[in-house]
Amino acid sequence: MVMITVRAARAVRAAGALLLPLLLRLLLPLLVLAPAALVQGCAPAPARMRESDGPRAAGLPETVYAAHRGGALEVPENSMAGLTSAYRRRSADVLDVDVRALRDGTLVAMHDRTLDRTTDHKGAVADLTPRQWRRVRLRPDPGLPGSWPREHPPTAAAVLDRFGGRIVLNVELKDGGGLRRLAGLIRGRGLDDSVYVQSNDWHTAAKAHRMGLLTSVWRSVRQARTDDFERWRGTVDMLSVDHGARDADIRRAVRSGIRRVWSHTVRTPEQRDRVLRLGCDGVLTDAPRLLEHTRRASREASRASDRSHAQASRGAQRDKADGPGAGRDR
């Protein structure tokens with residue numbers, strides 16, 4: 001009896017040794033994604049899709065809505081909670097995020113050169129070590145709707161891991177020196193055709209193009225006055241022009257031959273409607289939820305207008321057919 005008990009105990013231990021790694025493998029993704037579920041209005045995103053299953057920039061809709069910094073009028077900018085919220089609400093086709101480099105070259109989600117405006121720390125981002133960065137907490141704008149955690153700002157790698165393969169991304173590289181590292185993060189995850197690398201510097205875009213990456217360049221009102229957009233046609237995949245640019249400059253951008261021309265940073269339906277009328281096929285917006293709501297209303301109004309025009313056209317055709325001499329040639 002004692003021998004049987006000992007053998008049974010050994011069998012249980014052996015089974016546990018085999019099952020424990022399997023259980024850890026199954027539970028680890030849930031432990032990693034669980035914090036997002038604690039954010040109000042958010043839920044953990046599904047496991048990252050395989051490259052063949054994910055979205056492509058080439059498959060974006062005819063008119064693109066990109067959530068600028070996640071939608072900075074609606075969520076804490078460049079935060080994991082904000083990006084997750086924008087992703088879950090499906091109010092944007094593209095998520096936009098800014099990245100800068102720490103002292104050792106690690107890329108992190110941050111727009112400003114310093115921590116002062118958006119975090120509980122002060123000083124230059126480039127002066128921080130990764131260990132110091134982990135102590136930083138975001139300070140959400142109190143004017144934002146909803147309640148947001150004082151979370152740690154994510155690294156670029158974490159953003160790509162969470163959203164890469166689920167939605168097209170526009171990653172604005174604020175430090176040109178980080179291009180090679182960003183390229184490695186993108187290519188290592190098989191996201192070459194679903195992540196735009198954006199810069200205000202055309203030379204950075206040219207380098208990214210030579211690396212086989214999707215390229216994006218943004219231009220200010222002043223820059224748009226003098227840019228020769230046509231010479232970028234073979235290098236830039238997406239051009240973003242300030243919505244305040246002159247009509248003539250936006251039209252020149254649209255006629256340049258660059259595959260996609262968007263406008264930034266759009267905050268109102270009126271600004272969106274103007275740049276779309278001028279020929280842009282996308283907007284980067286701080287208010288994706290607002291624009292999505294008005295986009296639906298605009299589509300419904302457009303359909304009603306189309307029906308009205310069609311009915312009027314049919315009525316005119318009937319009047320012509322029923323007019324004097326209508327039956328002479330029958």
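**Figure 1. Phe229 and its aromatic partner Trp232**. Phe229 has a relative accessibility of 1% and therefore counts as buried (under 20% relative accessible area; over 50% is exposed and in between is partly exposed, with a 1.4 Å probe and protein chains only). Trp232 is likewise buried, with a relative accessible area of 1%. This is a predicted model, in which local features need pLDDT of at least 70 and side-chain atom pairs count only at pLDDT 80 or more, while totals for chains, interfaces and linings use all residues. Residues are numbered from 1 along each chain as its sequence is written, and side-chain values use heavy atoms, leaving out hydrogens and water. The structure holds 3 aromatic pairs (rings of Phe, Tyr and Trp, the last by its six-membered ring, with centres within 6.5 Å; planes under 30 degrees apart are stacked, over 60 edge-to-face and the rest tilted). The ring centres of Phe229 and Trp232 lie 5.8 Å apart with the planes at 80°, so this pair is edge-to-face.

**Figure 2. Helix H2 and Arg90**. Helices (H or I, at least four residues) and strands (E, at least two) are DSSP runs, numbered from the N terminus. Of the 10 residues of H2 (residues 80-89), 8 are buried, so the helix is largely enclosed by the rest of the structure. Among them are Met80, Leu83 and Tyr87. Arg90, just after H2, takes a positive phi of about 55°. The charged end of Arg90 sits over the ring of Tyr87, 4.4 Å from its centre (CZ of Arg or NZ of Lys within 6 Å of the ring centre and within 35 degrees of the ring normal).

**Figure 3. Helix H6 and its surroundings**. In H6 (residues 202-210), the buried residues include Trp202, Thr204 and Ala208. Helix H5 (179-188), strand S5 (195-199) and strand S6 (214-219) are included in what covers the buried residues of H6. The charged end of Arg231 sits over the ring of Trp202, 5.4 Å from its centre. Gly212, which follows H6, has a positive phi near 85°.

**Figure 4. The largest nonpolar core**. A nonpolar core is a set of buried Ala, Val, Leu, Ile, Met, Phe, Trp, Tyr and Cys residues joined through side-chain atoms within 4.5 Å. The largest has 31 residues, and those with the most contacts inside it are Leu95, Phe163, Leu169, Ile186 and Leu213. H5 gives this core its largest share, 5 residues. Leaving aside neighbours within four places in sequence, Ile186 is in contact (heavy atoms within 4.5 Å) with residues including Leu160, Val197 and Leu213. A second, separate core of 22 residues includes Trp232 and Ile250.
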